[in-house]
Amino acid sequence: MLRKFYYIATTLLLLVFMPVDLSAQSRKADIDAQRKQVNRLKKEVDNSKKRVDLLTSEKGSASRRVKELNRQINLRASVIAETEYEKELVESDIATLELSIDSLNRAYEHSKELYAKMVRQAARISKRNGYETYIYAATSLEDLSRRISNVERFAERYKDIAKVARHQRDELSLVRANLDVRRAELDSVMVALDEERRELNDSRSVAMREYEKLTNQEREALSAHEQKQQEYNNASKQLERILAENTVGSNFSSNTRGLKLPIEGGRIRPLQANMIEISGPRGAAVRCVEAGTVGEITAVSGGQYIIKVAHGKDFYTIYTQVSQVCVKVGQKLTENQKIGTAGVFVDYDNSERSFIQFMVYNHRKGELEEVMKFFSKK
């Protein structure tokens, strides 16, 4: 009889002590990260509103005010999209918590049932002096010692089952509390979404009224600006796609050293830690510092271009003020391959200068690298 109860208790301990749900921590981290993203965008919206207020008091700033209002509209649309994703994450966590509660509740009820069964059975055995009979049936001192140990182990398992039930009860209470928190958060997110949608409609109405006040010339200039912005956005999306798939130049890293200057024999003038100016003779070739894939070519004023070359998936180099571009987006480049020539500029004293600006961008970290280290000796 004791052997049967020992087996039941041991099996229960193995089954009901559920492992800690590590995915719960991951889900919480995802929700917290998404909430930070939403709050960051909201701060950008607040800053945009301040800029609109400042421009309202300035004369001749109607076009700039409309541009800023359009930017604010796009920011608000981003806030709504990111908040909707936050809502999805919270709803997913709520569904998971509800499943956990259902599973824990069944396990807890099962533990209580087994515990009650053991209590009743133990009471019946004790009433019939079953424990004493079991011990007194020993045939030797060794057998007596073994039987006493069996009774003690059974008593410990009996206590363990009670401990398991308490653990399940506490875990159930904790998960239910977490569910209440998530449901409150969901209510808050839903309210925020409604508010953001109202704000977006208000911003659109204000932008439309301001646009109607513009002259035809201002509207044409605004249209040209929006077209330029759309071209830039499309180029940025294309760069993202190329980076995601690029394998050329994947050895490039923050530890890369000994690169040749993009203008052979060029003179360096540091502009800041993450940007340098490299000058050379008129018509000097601009070369790719490392193997890579052309990710973006953007036209700027004066017939000059900005070229971004992807190296692996995490880095791209930036060459500004490049003229006579001889590569195209998506083209794979070898180290030191020519991509264009240095742009020519006329200074106020009518003298000419030919130069580019160069930077290295860490796409994974989202920041520019200290640029001079890449040209230092290995």
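## Cores, strands and salt bridges in a predicted model

Reader: Which residues touch the most other members of the largest nonpolar core?

Author: Happy to start there, with the reminder that this is a predicted model. The largest nonpolar core has 25 residues. Those touching the most other members are Val-286, Tyr-319, Ile-339, Ile-356 and Phe-358.

Reader: And which elements give two or more residues to this core?

Author: The contributors at that level are strands, and their residue ranges help to place them. They are β2 (275-279), β5 (305-311), β6 (315-323), β8 and β9 (352-362).

Reader: Which residues is Ile-356 in contact with, leaving aside its neighbours within four places in sequence?

Author: Let's go through them in sequence order. Ile-356 is in contact with Pro-262 and Ile-263, then with Ile-276, Glu-277 and Ile-278, among others. The list also includes Val-286, Tyr-319, Thr-320, Gln-321, Val-322 and, at its end, Ala-342.

Reader: How many residues are in the other core?

Author: Apart from the core around Ile-356 lies another one. Its members include Ile-31, Ile-101, Leu-104 and Val-175. The number of residues in this core is 13.

Reader: Is β9 largely enclosed or open, and how many of its residues are buried?

Author: Being buried here requires under 20% relative accessible area. Strand β9 is largely enclosed by the rest of the structure, because most of its 11 residues pass that test. The number of buried residues is 8.

Reader: How many bridges join β6 to β9?

Author: It helps to look at the partners of β9 together. β2 and β9 run antiparallel with 4 bridges, and Ile-278 has Ile-356 as its bridge partner. β8 also pairs with β9 in the antiparallel sense, over 4 bridges, with Val-344 and Ser-354 as partners. For β6 and β9, which are antiparallel too, the number of bridges is 6.

Reader: Which residue takes a positive phi in the hairpin of β9 and β10?

Author: β9 and strand β10 (residues 367-368) run antiparallel and are joined by 2 bridges, with Asn-362 opposite Glu-367. The hairpin has 4 residues between the strands. The one with a positive phi, near 75 degrees, is Gly-366.

Reader: Is Thr-341 buried or exposed?

Author: Thr-341 is found in strand β8 (residues 338-346). Its contacts beyond four places in sequence include Gly-283, Val-286, Gln-321 and Ser-323. With a relative accessibility of 4%, which is under the 20% cut-off, Thr-341 counts as buried.

Reader: How many disulfides does a search of the whole structure find?

Author: Two cysteines are worth a look here. Cys-288 is buried, at 0% relative accessible area, whereas Cys-326 is partly exposed at 42%. For the whole structure, the number of disulfides found is 0.

Reader: How far apart are the closest N and O atoms of Glu-44 and Arg-71?

Author: Glu-44 lies in helix α2 (residues 22-56) and Arg-71 in helix α3 (residues 62-127), so their salt bridge ties together parts that are 27 residues apart in sequence. Both ends are partly exposed: Glu-44 at 23% and Arg-71 at 34%. A salt bridge needs the nitrogen within 4 Å of the oxygen, and for this pair the closest N and O atoms are apart by 3.8 Å.

Reader: Which residue forms a salt bridge with Arg-183?

Author: Arg-183 sits in helix α5 (residues 141-212), and the pair links it to a residue of helix α3, 85 residues apart. Arg-183 is partly exposed at 38%, and its partner is partly exposed at 37%. At 2.8 Å between the closest N and O atoms, that partner is Glu-98.

Reader: How many residues apart in sequence are the parts tied together by Glu-352 and Arg-282?

Author: The side chains of Glu-352 and Arg-282 meet in a salt bridge of 2.5 Å, N to O. Arg-282 counts as exposed, at 59% relative accessibility. Since Glu-352 lies in strand β9 and Arg-282 in the loop between β2 and β3 (285-287), the parts they tie together are apart in sequence by 70 residues.

Reader: How far apart in space are Lys-213 and Ser-63, C-alpha to C-alpha?

Author: Lys-213 lies in the loop between α5 and α6 (216-245), and it is exposed at 60%. In sequence, Lys-213 and Ser-63 are 150 residues apart. In space, their C-alpha to C-alpha distance is 9.5 Å.

How values were computed: Residues numbered from 1 in each chain as written. Predicted model: local features only at pLDDT ≥ 70, side-chain atom pairs only at ≥ 80, totals over all residues. Heavy atoms only, no water. Buried < 20%, exposed > 50% of the residue type's maximum accessible area, 1.4 Å probe, protein only. Contact = heavy atoms within 4.5 Å. Disulfide = S-S within 2.5 Å. Core = buried A, V, L, I, M, F, W, Y, C linked by side-chain atoms within 4.5 Å. Pairing = 2+ DSSP bridges.
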